[in-house]
Amino acid sequence: MSSRRYFWVPLYGVALVAALVAYKPSEPAARGLPELMAGFTGTAEDGQDWRYYGGTPAGDRWSPLGQITPSNVDKLQLAWSFRTGDLPREGENSHGYEFNVEVTPLKVGNSLFICTPHREVIALDAVTGAQRWRFTPQNDTSNNAYLACRGVAYYQAPAGTPCPQRIISTTADARLFALDANTGALCEGFGDHGFVNLRAHLGDVPKGFHFITSPPLVAKGKLLLGGWIYDGQKTNEPSGAVRAFDPVSGELLWAWDVGRPEEAIQRPAADEQFTPGTPNAWGVYTADIEHGLVYLPTGNAVPDYYGAKRRPFDERYSSSVVAVDIDTGAPRWSFQTLHHDLWDMDVPIGPSLLDIPGPGGEPIPALVQTTKRGELFVLNRLTGEPIVPVEERPAPHGGLPNDPTAPTQPYSVGLPSFAPPKVREKDAWGITPVDQLLCRLDFKRLNYQGAFTPFSLEGKTLVYPAFDGVIDWHGASVDPQRQRLYANLSYIPFTAQVTPREQAEADGVVEPWNGVGQPPRPKEFAVNPQYGTPYVVTVEPWLGVLGAPCKAPPWGQLASIDLKTRQLVWQRDVGTTRDMGLFKTHFNLPLSTGIFNIGGNLNTASGLVFMGATADDYIRAFEAGSGRELWRQRLPAGGQATPMTYQGADGRQYVVIAAGGHGGLGTRAGDYIMAYALPKASQ
Amino acid sequence: MRINAASPPRITAAVFILFGLLMLGAGGWLAALGGSWYYLLAGIGLAASGVLLWRGRRLGVRLYGALWLLTVMWAFWEVGMDVWGLLPRVLVPTLLGYTCCCLSFSAGWTTAGR
């Protein structure tokens, strides 16, 4: 037999694969943004600072800066980088437990302020990236399912107050603290020598069951926060009560307890207990300061995947956006994005606020609420009334015993939806015909009637969209001048296996627990023990035998909607399979499939959209008008954080992103803060 | 048509038979569940091609060629011009096709086939 085939076959193989790698969908043609409408100038911010997680309390993730433009963005280069030194420790980034660098820095004056997953707070020189100070809290993180800190808050106290400029953050074991922004020292007059215990009034809080991953919101002289509750563990988890603190003294001013929803509890007494097991609002809040409203994104009442024990008040406020009076804590209105949520479709971030033109061109105070579902709701932010019509549509019937699904679910019918279409057998994917066949077979055997299929005891259920969302905790960005929205989208189907508790215990999936003391932690994060209910639910990504996703690409996209015309302006695939450590699939070839992403985007008045987020380690810039990719730069680790921009004291515009990876997405871990600017000479 | 019985391409044949049987089994199950019949039929074709190759029959190569052509036609019919949809359906079958082509052009086979 000739040896020639040992030469030709691999050569053909390499040529075929090279052709696949070379294949890229053509970039859209260049297109600018429309002219501004009269009366829509956006915020009064000059763009020099970035004082809130979302840029402003409105969560627009928009900057008026215009030094970096579509015509020069390709010259953008690394200005400085900083390493925090905070990296995952033994066991913190395995078995589904996560170490995630999700921080978006604040920029105030000439400093940047960041927090790390182990909750160090660091101040950097905004021009050079040199460290000014660092604060290291003592944390008990031993039972934290994941480590993440999305950012810190900045508070400017009235003149004459000690510690006049404050950086507010939280520890990984639920303590709120205030630091002097200039020195990094604790503000002694805040709480107990700088700390406030956030477990107060929450009753029994097992280790790791309550901490805060999002920055508190500073609004109208208050610090507003809720916090994360360990999903899926047990009934009667710590209360999801939202609390307002005095940023000077640390005193608890009011608490909105879903169990007593009509009014907030004012200055709760020491023995006051908030209602356990209520929905929590763990995402970043947004606020309309002028009208005195804070917008709370609520999760579903824990445990997430079994709803028979939910109470009427839980049902009313789960998976909703709730407008609460900042002064009193009283709810003004609420809008539910999913009824009787059995799929962990938390609203994971407060809405983005902007004015959009009404029928006569007059500005209507609006908000856009992104959801894990991929459905966008546009509401009047003062009344909660839909501006874009919302329609209740029939949803799949059924459910676990005693836990029927809601008959209908709300859909935003006047706007393009980013919800994935129903999966068909031919959408099953693989690398080869054999693993694809097994995914097709799997699909045929899965319990699936489309989105919001109720779980079943008969077999696995396909959950799509799932808890990682189409749009997760990072939300979208909006351009308040042109009423455009930019959203990056991620498409990962999951499967859910329901096991009766006795069987799960017999199989060793969960340990028995008698309801006293610390609940046992499952070996795998995918297992939701749901103590106090009859069922254990295991939620895993839908992957084939080779570890490739069982659902065909695209897996990641970026899209723009014109909120005036309610039309999709563009939608494109973003990202490649390069670096894809996702769920252990390291095939590492840069195929332009569009890739899973976590972390948001930033848009600028000059017509650019910046995003990292993708599971390939890049930061990219796109032309806002067309979606055309204009620039990209390799990151040293996964960029699963939302970028921000500011103007330094040297007059240069910087774009900054954290690159430290995301344990759940499986991207490369790191501890980098990367700052990009145009070369000095070109300004 | 028996060709060069001294060295039939046993490894290739074994791979074809193995994957053919796998596709036949799982594809049969899929078809029974109301899914695509392609995998069952392709599995039969692939296994048959493998058996012929094992026996040193050139017909195995031709059968695979026909199977590949039908596979490509089916793939375009099912997913159209979607490159990522075509990937699992066409890439590996094409690589196996190259193996087959090389077999048929390899010295032993051409000599024996005369």
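**Exercise 1.** Is the crossing of α1(B) and α2(B) left-handed or right-handed? Work out also how the two helices are oriented to each other.

*Solution.* The model is predicted.
- Locate the helices: α1 of chain B covers residues 10-32, and α2 of chain B covers residues 38-54.
- Take the geometry: their axes lie 7 Å apart, at an angle of about 160°.
- Apply the cut-off: angles over 145 degrees count as roughly antiparallel.
- Conclude: α1(B) and α2(B) are therefore roughly antiparallel to each other.
- Add the handedness: the crossing of α1(B) and α2(B) is left-handed.
- Sort the residues of this contact by class: 19 are nonpolar, seven polar and one charged.

**Exercise 2.** Describe the side of chain A that touches chain B.

*Solution.*
- Start with the counts: 29 residues of chain A are in contact with 33 residues of chain B.
- Find the elements: α1 (4-22) and α3 (433-445) of chain A each give two or more residues to this side.
- Pick the largest share: α3(A) supplies nine residues.
- Sort by class: the side of chain A has 16 nonpolar, six polar and seven charged residues.

**Exercise 3.** Compare the radius of gyration of chain A with that of a compact globule. Then describe the chain as a whole.

*Solution.*
- Set the expectation: a compact globule of 683 residues would have a radius of gyration near 26 Å.
- Compare: chain A has 24 Å, which agrees.
- Box the chain: along the principal axes, its C-alpha atoms fill roughly 90 × 70 × 55 Å.
- Check burial: 58% of the 683 residues in chain A are buried.
- List the secondary structure: chain A has four helices and 43 strands.

Technical notes: Residues numbered from 1 in each chain as written. Chains lettered and ligands numbered in written order. Predicted model: local features only at pLDDT ≥ 70, side-chain atom pairs only at ≥ 80, totals over all residues. Rg over C-alpha atoms; globule rule 2.2 N^0.38 Å. Buried ≥ 20, exposed ≤ 12 C-beta atoms within 10 Å, placed from the backbone. Contact = placed C-beta atoms within 7 Å. Nonpolar A, V, L, I, M, F, W, Y, C, P; charged D, E, K, R; others polar. Axes fitted to C-alpha atoms, helices over the stretch in contact; angles between N-to-C directions. Parallel < 35°, antiparallel > 145°, perpendicular 65-115°, else oblique. Left-handed = near helix turned anticlockwise from the far one by under 90°.
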